[in-house]
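Me: I'm new to reading protein models and I'd like a close look at a single part of this one. Could you pick out one helix and walk me through what sits around it?

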Amino acid sequence: MNGKALRTTLLGAAFLMATSAIGPGFLTQTAVFTDQLGASFAFAILTSIVVDLVAQLNIWRVLTVSGRRAQDLANELLPGLGWLLAFLVGVGGLAFNIGNIGGCALGLQALAGLGTRAGAVVSAAVGVALFIVPQDGRAMDRFAQILGVLMIGLAVYVAVAARPPYLEALRATVVPSRIDVLSIVTIVGGTVGGYITFAGGHRLIDAGVVGRERVREVTRAATLAIGVASIMRIVLFLGALGVVATGQHLDATNPSADVFRRAAGEAGYRLFGIVMWSAAITSVVGSAYTSVSFLRSLGPAIDRHWRVVTIAFILVSTLVFLVVGRPVKVLVAVGALNALILPLSLGAMLAAARRTRIVGDYRPPVWLFAAGIVVAAGMAAMGVFTLVNELPKLWRG
């Protein structure tokens with residue numbers, strides 16, 4: 001692979017991970033928690049960025065050094081562990097993709113007044129088309145990059161228009177008046193939980209970017225991926241904070257749309273349509289691609305025809321949405337539950353990093369390995385606490 005092709009692949013993997021994270025749930029969670037916590041949500045965002053970066057650096061490095069997808073690596077570590085991981089990621093990916101299709105429908109409704117059922121079908125057709133084009137993932141990479149840049153640009157405009165209290169947000173980043181465990185667990189799950197953790201790493205493996213000699217480039221790509229997702233989270237938070245700082249509360253039925261409308265009027269609502277559709281359709285693509293990558297080890301037929309299986313994944317998600325729908329509380333709850341997969345997946349990668357038969361003579365930096373252990377243990381503890389004490393409140397509240 002020449003230098004230009006390598007850079008394009010690394011950039012594509014970074015944006016695939018970032019735009020997989022930036023979906024309807026990402027927008028909804030950011031608006032909901034800003035409405036609840038105000039400026040103190042900045043502390044949760046800072047915490048999540050640190051956790052996200054540690055998790056992704058550890059996981060991407062181990063996957064690409066070994067040259068094996070997560071389920072194969074986990075099965076070699078402990079027979080059956082990979083299939084458990086594949087099941088959890090697949091179920092979580094399907095749940096999120098139903099919400100992603102719903103987000104596409106809401107985006108086209110806000111942008112062009114299209115009915116939600118028609119919007120879902122049109123968006124599914126776009127997602128399917130990307131996997132029909134036989135370009136070894138290049139169409140998917142370019143699609144994610146263009147829409148990723150577009151989303152951030154529009155979100156920045158709305159954040160500036162909302163005139164948030166920047167100094168208050170900066171102060172609360174390190175000295176919050178309130179620390180909410182549910183918000184931290186949920187946004188970590190929405191950024192690096194479930195299938196999102198493996199989106200970029202599996203893309204690099206499929207493109208042949210493997211081996212210890214690629215560690216430096218992979219590290220840069222993982223850092224860029226978290227950087228893009230974090231910038232989007234921050235600007236969405238600032239836009240929402242500019243609204244709630246005036247004493248207003250966001251519309252609970254569609255809080256992220258309310259941010260755009262109150263910050264920039266009806267034009268802002270149309271911009272929300274563009275951002276929501278862009279966020280949702282790139283997440284549809286990322287979720288389908290990554291979830292199916294876990295199924296490719298089931299047999300050579302699935303591996304050969306993975307594009308067909310991916311298209312079927314998108315169509316099933318669309319059908320379920322057309323029948324069931326997607327409430328806001330489900331997006332928040334699924335984000336929190338998705339975070340429970342992170343301790344398992346990160347723990348498996350950390351264990352694999354100590355197995356010579358898997359990673360050869362590669363050894364992660366001591367600080368990164370130690371930070372990974374802290375993150376895995378901390379997320380496990382916070383995840384259990386949230387599952388027992390906090391998630392039930394969503395349904396009572």
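Reply: Let's take helix α12 as the centre and work outwards from there. One thing before we start: this is a predicted model, so read everything below with that in mind.

Helix α12 covers residues 255-293. Let's start with the helix that runs alongside it. Helix α5, residues 81-112, has an axis that comes within 7 Å of the axis of α12, and the two cross at roughly 155°. That makes α5 roughly antiparallel to α12, because an angle over 145 degrees counts as roughly antiparallel. The crossing of these two helices is left-handed. What kinds of residues make up the contact of α5 with α12? There are 15 nonpolar residues, nine polar ones and one charged one.

To see this up close, zoom in on A280, which is in helix α12. Is A280 buried or exposed? Its relative accessible area is 0%, so A280 is buried. Now look at who is around it. Leaving out neighbours within four places in sequence, A280 is in contact with P24, N100, G103 and C104. C104 is a nice one to follow: A280 and C104 are 176 residues apart along the chain, yet their C-alpha atoms are separated by 5.2 Å. Try finding both on the sequence and then on the structure.

Next, another partner of α12. Helix α10 is made of residues 196-206, and its axis comes within 10 Å of the axis of α12, with a crossing of roughly 65°. These two helices are therefore roughly perpendicular to each other. Their crossing is left-handed. On the α10 side, the contact is made by F198, A199, H202, R203 and D206, and on the α12 side by Y289, T290 and S293. Sorted by class, the contact of α10 with α12 has three nonpolar, three polar and two charged residues. So you can put that mix next to the 15 nonpolar, nine polar and one charged in the contact of α5 with α12.

Now for helix α2, residues 24-37, which is where you'll find A31. A31 has a relative accessible area of 4%, so it is buried. What does A31 touch, if we skip residues up to four places away in sequence? The answer is L250, P255, S256 and V259. Since α12 covers residues 255-293, you can look for P255, S256 and V259 there. A31 also pairs up with A252 in an interesting way: they are 221 residues apart in sequence, but 9.5 Å apart in space, C-alpha to C-alpha.

While we're here, look at α2 as a whole. It has 14 residues and reaches 20 Å from its first C-alpha to its last, close to the 20 Å expected at 1.5 Å a residue. It is also mostly covered, with 13 of its 14 residues buried. After α2 comes G38, whose phi is positive, near 65°.

From the other direction, helix α1 brings in T19; this helix covers residues 3-21. T19 has 1% relative accessibility, so it counts as buried. Setting aside neighbours within four places in sequence, T19 is in contact with A144, G148, M151, A279, T282 and S283. Look for A279, T282 and S283 along α12, which covers residues 255-293. For contrast in the kind of pair you can pick, T19 and A70 are 51 residues apart along the chain, and their C-alpha atoms are separated by 20 Å.

Just before α12 in the sequence you'll also see helix α11, residues 215-244. At 1.5 Å a residue its 30 residues should span 44 Å, and its end C-alpha atoms are 43 Å apart, which agrees. With 23 of those 30 residues buried, α11 is largely enclosed by the rest of the structure.

Let's finish by stepping back to α12. Its axis comes within 7 Å of the axis of α5 and within 10 Å of the axis of α10. The helix pair with α5 is roughly antiparallel, whereas the pair with α10 is roughly perpendicular. And A280, in α12, is buried at a relative accessible area of 0%.

Technical notes
Residues are numbered from 1 along each chain as its sequence is written. This is a predicted model: local features need pLDDT of at least 70, side-chain atom pairs count only at pLDDT 80 or more; totals for chains, interfaces and linings use all residues. Side-chain values use heavy atoms; hydrogens and water are left out. Axes are lines fitted to C-alpha atoms, for helices over the stretch in contact, and angles run from 0 to 180 degrees between N-to-C directions. Helices (H or I, at least four residues) and strands (E, at least two) are DSSP runs, numbered from the N terminus. Angles under 35 degrees count as roughly parallel, over 145 as roughly antiparallel, 65 to 115 as roughly perpendicular and the rest as oblique. A crossing is left-handed if the near helix is turned anticlockwise from the far one by less than a right angle, and right-handed if clockwise. Contact means heavy atoms within 4.5 Å. Ala, Val, Leu, Ile, Met, Phe, Trp, Tyr, Cys and Pro count as nonpolar, Asp, Glu, Lys and Arg as charged, and the others, Gly among them, as polar. The expected span of a helix is 1.5 Å times one less than its number of residues. Buried means under 20% relative accessible area, exposed over 50%, partly exposed in between (1.4 Å probe, protein chains only).
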